[in-house]
Amino acid sequence: MTYSGEVHVGGPPDTREIDGLTVTKIAVGPMDNNAYLLRCARTGRGLLIDAANEAGRLIEMIDGTPVGTIVTTHRHADHWQALPEVQARTGAVVVAHPADADELPVEVGHRAEHGEVLTFGDCAVSLIHLRGHTPGSLAVLYDAGGRLSGTPHVFTGDSLFPGGVGKTSYGSGYTSSQAAANGPDSFTLLLNDVTERLFNRLPDATWVYPGHGYDTTLGAERPHLGEWRKRGW
């Protein structure tokens, strides 16, 4: 069956094969979070993006894949409820941005900065720091070592969805100094980062896998950037 990315909590995952990589998407938990298993096609090594909830279902999805890395896209609790159990089961190194790392419930073994590259088997992904939804939100980019430069794939957490960027209220747990350090207008900060680090860098055919809901492409969203800025959300 053709991959659609239209997964639902309690339903089966959806899987696609792209150049050198298998991507499996699953929806979990009461906030309908997406988690993604990236598996190197040649070696079988894996990387998990957001151990969000329902550890048993995530472990079933992993199904023996040697997952050595778990990337947590940001600090919000709905994205790491299953992290302690999945990390304990897999022994994976947890990766997060330093600005969000101390809010996670496990030790972050790799505090990753903007532009860093993570490898698993023969595959590699690069990390993109997108400030605004949280101070340390990360996106994960795969372009098959440049072979997919015209059609890359990016996992955006809660920074970009079909129809707009993520919510930018820092909420409880953020001090005024933390908010100020990330700019007086977190929405503008996020939209600027998404524009400069995603839309200005990547082509329209870039496939976007968000932290909740259905997938999209940068081409589908690009015409609306001015509308988003004008409406302020």
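Helices (H or I, at least four residues) and strands (E, at least two) are DSSP runs, numbered from the N terminus. The model is predicted: local features need pLDDT of at least 70, side-chain atom pairs count only at pLDDT 80 or more, and totals for chains, interfaces and linings use all residues. Residues are numbered from 1 along each chain as its sequence is written, and side-chain values use heavy atoms, with hydrogens and water left out.

**Exercise 1. Describe the first sheet and find its edges.**

Step 1. Take the strand order. Seven strands form an open sheet, E1-E2-E3-E4-E5-E6-E7, with mixed pairing. Two strands pair if DSSP finds at least two bridges between them.

Step 2. Find the edges. Strand E1 (14-18) and strand E7 (110-111) each have a single partner strand, so one side of each has no neighbour in the sheet.

Step 3. Look at one pair. Strand E4 (residues 46-49) and strand E5 (residues 67-71) run parallel and share four bridges. Leu-47 has Thr-69 in E5 as its bridge partner.

**Exercise 2. Place helices H1 and H2 against each other and against the strands.**

Step 1. Set the geometry. Helix H1 (residues 55-62) and helix H2 (residues 83-90) pack at about 35 degrees, with axes 9 Å apart. Axes are lines fitted to C-alpha atoms, for helices over the stretch in contact, and angles run from 0 to 180 degrees between N-to-C directions.

Step 2. List the contact, meaning heavy atoms within 4.5 Å. From H1 come Ala-55, Leu-58, Ile-59 and Ile-62; from H2 come Glu-85, Val-86, Arg-89 and Thr-90. By class, these residues are five nonpolar, one polar and two charged. Ala, Val, Leu, Ile, Met, Phe, Trp, Tyr, Cys and Pro count as nonpolar, Asp, Glu, Lys and Arg as charged, and the others, Gly among them, as polar.

Step 3. Add the strands. H1 lies across strand E2 (21-28), E3, E4 and E5, at about 160 degrees to E2. H2 lies across E4, E5 and strand E6 (93-96), at about 160 degrees to E5.

**Exercise 3. Trace the pairing around E14.**

Step 1. Start with E11. E11 and E14 run parallel, joined by four bridges. Val-154 stands opposite Val-208 in E14.

Step 2. Move to strand E15 (residues 216-217). E14 and E15 pair in the antiparallel sense over two bridges. Trp-207 has Thr-217 in E15 as its bridge partner.

Step 3. Check the hairpin. Five residues lie between E14 and E15, and Gly-213 takes a positive phi near 80 degrees.

**Exercise 4. Find the largest cavity and the largest pocket, and say what lines each.**

Step 1. Fix the terms. On a 1 Å grid over the protein atoms alone, a cavity is a set of points where a 1.4 Å probe fits but cannot get out; a pocket is an open set with protein on both sides within 12 Å along at least five of seven lines; lining residues have an atom within 4 Å of a point. Grid points are joined across faces, edges and corners, and a volume is the space filled by probe spheres set on the points.

Step 2. Take the cavity. The whole structure has one cavity of 30 Å³ or more. The largest cavity holds about 30 Å³. Strand E3 (33-40), strand E11 (153-157) and strand E14 (207-210) each supply at least two lining residues. E11 gives the most, with three.

Step 3. Take the pocket. The largest pocket holds about 230 Å³. Its lining includes His-76, His-133 and His-212. By class, the pocket lining has three nonpolar, four polar and three charged residues.
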